[in-house]
Amino acid sequence: MEAIHITDVAPRDGLQNQPVHLGANDKLRLVQLLAAAGVRSVEATSFVSPKAVPQMADAAELLPLVHAALPALRCSVLVPNLKGLERAHAAGAAEIAVVLSATETMNQRNINMGLEQATEVSERTLAAAQALGLRTRAYVAVAFDCPFEGETPLAEVLRLAQRMQAAGAGEIVIADTIGSASPGMVKERMRVLAEAIAPERLAIHLHDTRGMAVANAWAALEAGIRRFDASVGGIGGCPFAPGAAGNLATEDLVLMAERSGFATGISLDGLLEAIDFAQERLQRPLGGRAIAWLRRQREKTNSSNNTSPETATT
Ligand code: COA
Ligand code: ZN
């Protein structure tokens, strides 16, 4: 079976937008449950202004806890600027992600910079991270539609992705930040991008606002994409992008991929453990499209395991 690689972004993209703020120990527990489920990469937190995103104010406390508990886990952190990189490096980060939106207005709203400045800051941050020996990712956000400017021109997405590639980003993550893409659009855009960027460096980040995230993931697979961001339980949304709903749920992606002949290395039962925990802590129901079915499957397995042969025949 061909493998796909999944980065679970729930600890950052998921938790950054929740009304209930989790403490560092609960965040660590969530990451531990993800790792126990077989997830090999997470986006653990972000080193952004605590005024902008108070949910991530404990990044410097959390990251060393995660590294100590799970030394083999690939663990990326989002940094919007050089100050974020400095803070991440001081906390022992091994991998950072910069975030560049493909429109003027979205950069202004998200990181208080225009497009040109945001591009230069991302390039400088990538260069400085590489000089420190860190692995790097670069998000190209609002790569399909922008909540402020409408459909984002593909030529602009391509131009920025190529600039991030030239700046040495190890992985370029094309993000449907508000979850407005459709499968046709994903297939077309990812095919064009895959001609310019090596597939092992190209990833897609999807949201499920319109119920199309799994279909979009399939379209990306058809376009040759093998690297995905997803969020366990579909927890997610961007506080600066109006209308952005939850992310592509990791369990939906794993189920779709495994049923379609791709190996993920991730256990659905393990993901259910993580969802149960996050749901209890965030005090609201979580889960992607397949959650009810997954829970029923688990109940069936549990009840058949708990039934001894004698009682089964009575
Ligand atoms: N981490 C923590 N503090 C930071 C910081 C960082 N990465 N970058 C800047 N700051 C601090 C500055 O030190 C300054 O602090 P002070 O008021 O105590 O002096 C303050 O923030 C303002 O600095 P400035 O450079 O003027 O930033 P800004 O107000 O223009 O905000 C960002 C820019 C990028 C820091 C802010 O918009 C941000 O953190 N955005 C993140 C958005 C996000 O996480 N979106 C979701 C993920 S895509
Ligand atoms: Zn997102």
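The legends below describe close-up views of a predicted model.

**View 1. The zinc ion (ligand 2) and its protein donors.**
Three residues donate to the zinc ion (ligand 2): Asp-13 through OD, and His-205 and His-207 through NE2 in each case. These donors lie 2.0 to 2.1 Å from the ion. Along the chain, the donor residues follow the spacing D-x191-H-x1-H. Asp-13 belongs to helix α1 (residues 10-14), whereas His-207 sits in the loop between β10 (202-205) and α9 (213-222). These two residues are 194 residues apart, and the pair links distant parts of the chain. Both Asp-13 and His-207 are buried.

**View 2. Helix α4 (residues 82-90) and its buried residues.**
Gly-84, Leu-85 and Ala-88 are the buried residues of helix α4. They lie on the same side of α4, because the arc that they cover around the axis is only 100°. In general, an α-helix has 3.6 residues a turn, so residues three or four places apart point the same way. The buried residues of α4 pack against two helices, α3 (59-69) and α6 (115-131), and against the strands β4 (74-78) and β5 (95-101). On the face turned away from the buried side, α4 carries the exposed residues Lys-83, Glu-86 and Ala-90. Just after the helix, Gly-92 has a positive phi of about 90°.

**View 3. Thr-250 in helix α10 (residues 250-259).**
Thr-250 has a relative accessible area of 0% and is therefore buried. Apart from neighbours within four places in sequence, the contacts of Thr-250 are Ile-6, Asp-8, Ala-230, Ser-231, Val-232 and Leu-271.

**View 4. The largest cavity.**
The model has two cavities of 30 Å³ or more. The largest of them has a volume of about 40 Å³. Its lining is made up of His-5, Thr-7, Ser-41, Val-42, Arg-74, Ser-76, Glu-95, Arg-137, Glu-171 and Arg-227. At least two lining residues come from each of β2 (5-8), β3 (41-46) and β4. Five of the lining residues are charged, four are polar and one is nonpolar.

**View 5. The second largest cavity.**
The volume of the second largest cavity is about 30 Å³. Leu-15, Val-20, His-21, Leu-22, Lys-27, Gln-55 and Leu-282 line the second largest cavity. By class, this lining has four nonpolar residues, two polar residues and one charged residue.

**View 6. The largest pocket.**
The largest pocket holds about 570 Å³ of space. It is lined by 33 residues, of which Val-48, Leu-78, Pro-80, Asn-110 and Ile-111 are the closest to the centre of the pocket. Helices α1, α4 and α5 (104-111) and strand β6 (135-141) each supply at least two residues of the lining. The most comes from α5, with five residues. The pocket lining consists of 17 nonpolar, eleven polar and five charged residues. Two of the contributing helices appear in earlier views: α1 holds the zinc donor Asp-13, and α4 has Gly-84, Leu-85 and Ala-88 as its buried residues.

Conventions:
Residues are numbered from 1 along each chain as its sequence is written. Chains are lettered from A and ligands numbered from 1 in the order in which they are written. This is a predicted model: local features need pLDDT of at least 70, side-chain atom pairs count only at pLDDT 80 or more; totals for chains, interfaces and linings use all residues. Side-chain values use heavy atoms; hydrogens and water are left out. Donors are N, O and S atoms within 2.8 Å of the metal (3.2 Å for Na, K and Ca); water is not among the atoms, so sites may look incomplete. Helices (H or I, at least four residues) and strands (E, at least two) are DSSP runs, numbered from the N terminus. Buried means under 20% relative accessible area, exposed over 50%, partly exposed in between (1.4 Å probe, protein chains only). The arc is that of the directions from the helix axis to the C-beta atoms. Contact means heavy atoms within 4.5 Å. On a 1 Å grid over the protein atoms alone, a cavity is a set of points where a 1.4 Å probe fits but cannot get out, and a pocket is an open set with protein on both sides within 12 Å along at least five of seven lines; lining residues have an atom within 4 Å of a point. Grid points are joined across faces, edges and corners, and a volume is the space filled by probe spheres set on the points. Ala, Val, Leu, Ile, Met, Phe, Trp, Tyr, Cys and Pro count as nonpolar, Asp, Glu, Lys and Arg as charged, and the others, Gly among them, as polar.
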